[in-house]
Amino acid sequence: MTDNTRTTEDTVKLRSFRRIALITICAVYFLILVGATVRASGAGMGCPDWPTCFGSWIPPVSEAQLPDNYQEIYADRGYAETRFNPVKTWIEYLNRLTGVVIGLLILVTAWKSLALRSHDRWITIASVAALLMVIYQGWLGSRVVASNLQPGMITLHMLMALAIVAILLFAFARARRGVLAAQPAVAISRHFQRWFYVVIALTVLQVAMGTQVREMVDFLNHTQGEERSAWVSALPWFFYVHRTFSAVVLLANAWLVWTFYRSFGLHHSLTRLALGVLAVIVLAIISGATLGHLGMPAIVQPTHLLAASLIFGLQFLLWMDYRHARGV
């Protein structure tokens, strides 16, 4: 086999892997959105058991399909306030079905990566690691249900989802190194990288504070019930730090976009990706302001959580692409 033939085959395999990896990443983000909808609608215990739902693989559609003493049965298992709600049950059940689809997509991604192990073993390692992580995530989901939605367990479940996104993005970025190598990032100040890391650190800090605010919102939901309008006034001081700090993150990322634009122009991949990060930050700020000023409307919570997750993922990809454009 000639070098040109091998190069062509690798190019085809890389293109195929990037396609399935991108589909999988988008699907994981969709699952994050669905999970956030489950949380915002209060459907987290719509299925009080796992992996079945009210003892069945396909949940009931009415209370009449359950035993007369089903509340006593689940009270003995530690769920004293179990009450069948068909809407909440099916929202949670669809969340689980989406998780199964994600697992299958990651399995296909790992399988596709095997063809690239001689080209770049890190693509295969990362893809297989993502498969192992999603298996663990499935088990962790069962522990979330068993804990009766303890905020700490929910946060761990969310962080694991972001870790899966990161490892998939790592594999995806490694598979597109050739694309970035054709757009070298050399026309930029040698001091830029230091400030780039500062911008990333500021963004990660903001997302971390948002995780703490979300955990506190979960606590208020448990202690104050559905009176959402009272939640904001009950939030601690770091909520206001988180809200104010969003302006710092916005300005820092605007500087990043301007630097890339001035150095490479609008059509460079780094500039466009940085613009994408900035647009999602604006979305996060708008949705966050809506939550803070309009009494935490449930319909906006999934948008804000998805935006925060997208910021994390897009900026991680931006960092990887920058390194590859620099030939690292």
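## Domains

Domain bounds here come from an automatic or database domain assignment. For this chain, a predicted model, that assignment gives domain 1 (1-182) and domain 2 (185-327). The C-alpha centres of domain 1 and domain 2 are 23 Å apart.

The two domains meet through 25 residues of domain 1 in contact with 23 residues of domain 2. Between domain 1 and domain 2 an area of about 2,300 Å² is buried, and carbon and sulfur atoms give 70% of that area.

## Overall fold and dimensions

The chain has 11 helices and 0 strands. Its pattern along the sequence is accordingly written α-α-α-α-α-α-α-α-α-α-α. The radius of gyration is 22 Å, close to the 20 Å that the globule rule gives for 328 residues, so the chain is as compact as a globular protein of that length. The C-alpha trace spans about 70 × 50 × 25 Å along its principal axes.

Of the 328 residues in the chain, 46% are buried. The accessible surface comes to about 16,700 Å², and carbon and sulfur atoms account for 66% of that surface. Among contacts in the chain with a separation of 6 or more, 77% join residues 24 or more positions apart.

## Nonpolar cores

In soluble globular proteins, nonpolar side chains tend to be buried together. In this model the largest nonpolar core has 57 residues, and the residues with the most contacts inside this core are Ile 32, Ile 106, Phe 260, Leu 270 and Leu 318. At least two residues of the core come from each of helix H1 (3-41), helix H3 (86-113), helix H4 (121-146), helix H5 (151-175), helix H7 (192-224), helix H9 (237-264), helix H10 (269-293) and H11. H5 gives the most to this core, with 12 residues. Both domains take part: domain 1 (1-182) and domain 2 (185-327) each contribute at least three residues to the core.

Leu 318 touches Phe 196, Leu 256, Phe 260, Leu 270, Leu 273 and Ala 274, when residues up to four places away in sequence are not counted. A second, separate core has 11 residues, including Trp 231, Phe 238, Leu 291 and Val 300.

## Helix H11: Ser 309 and Gln 315

Ser 309 is located in helix H11 (residues 301-325). The relative accessibility of Ser 309 is 1%, which is under the 20% limit, so this residue counts as buried. Apart from neighbours within four places in sequence, the contacts of Ser 309 are Tyr 29, Ile 32, Met 158 and Leu 162. Ile 32 also appears among the residues with the most contacts inside the largest nonpolar core.

Gln 315 is likewise found in helix H11. With 4% relative accessibility, Gln 315 counts as buried. Outside the four nearest places in sequence, Gln 315 is in contact with Val 199, Ile 200, Thr 203, Asn 253, Leu 256 and Val 277. Leu 256 is also touched by Leu 318.

## Loop between H1 and H2

Phe 54 is placed in the loop between H1 and H2. Although Phe 54 is not a glycine, this residue has a positive phi of about 55°. Phe 54 is buried, with a relative accessible area of 8%.

Pro 59 lies in the loop between H1 and helix H2 (70-76). Pro 59 counts as buried at 4% relative accessibility. Not counting residues up to four places away in sequence, Pro 59 touches Cys 53, Thr 89, Trp 90 and Tyr 93. Pro 59 and Pro 86 are 27 residues apart along the chain, and 8.8 Å separates their C-alpha atoms.

## Ile 125 in helix H4

Ile 125 is in helix H4. The relative accessible area of Ile 125 is 39%; partly exposed covers values between the 20% and 50% limits, so Ile 125 is partly exposed. From Ile 125 to Pro 302 the C-alpha to C-alpha distance is 32 Å, and the two residues are 177 residues apart in sequence.

Note on methods
Residues are numbered from 1 along each chain as its sequence is written. This is a predicted model: local features need pLDDT of at least 70, side-chain atom pairs count only at pLDDT 80 or more; totals for chains, interfaces and linings use all residues. Side-chain values use heavy atoms; hydrogens and water are left out. Helices (H or I, at least four residues) and strands (E, at least two) are DSSP runs, numbered from the N terminus. Buried means under 20% relative accessible area, exposed over 50%, partly exposed in between (1.4 Å probe, protein chains only). Contact means heavy atoms within 4.5 Å. A nonpolar core is a set of buried Ala, Val, Leu, Ile, Met, Phe, Trp, Tyr and Cys residues joined through side-chain atoms within 4.5 Å. The radius of gyration is taken over C-alpha atoms; the globule rule is 2.2 Å times the number of residues to the power 0.38. Accessible areas come from the Shrake-Rupley method with a 1.4 Å probe; for residues, only the protein chains shown count as cover. Buried area is the accessible area (1.4 Å probe) that two parts lose on being put together, summed over both.
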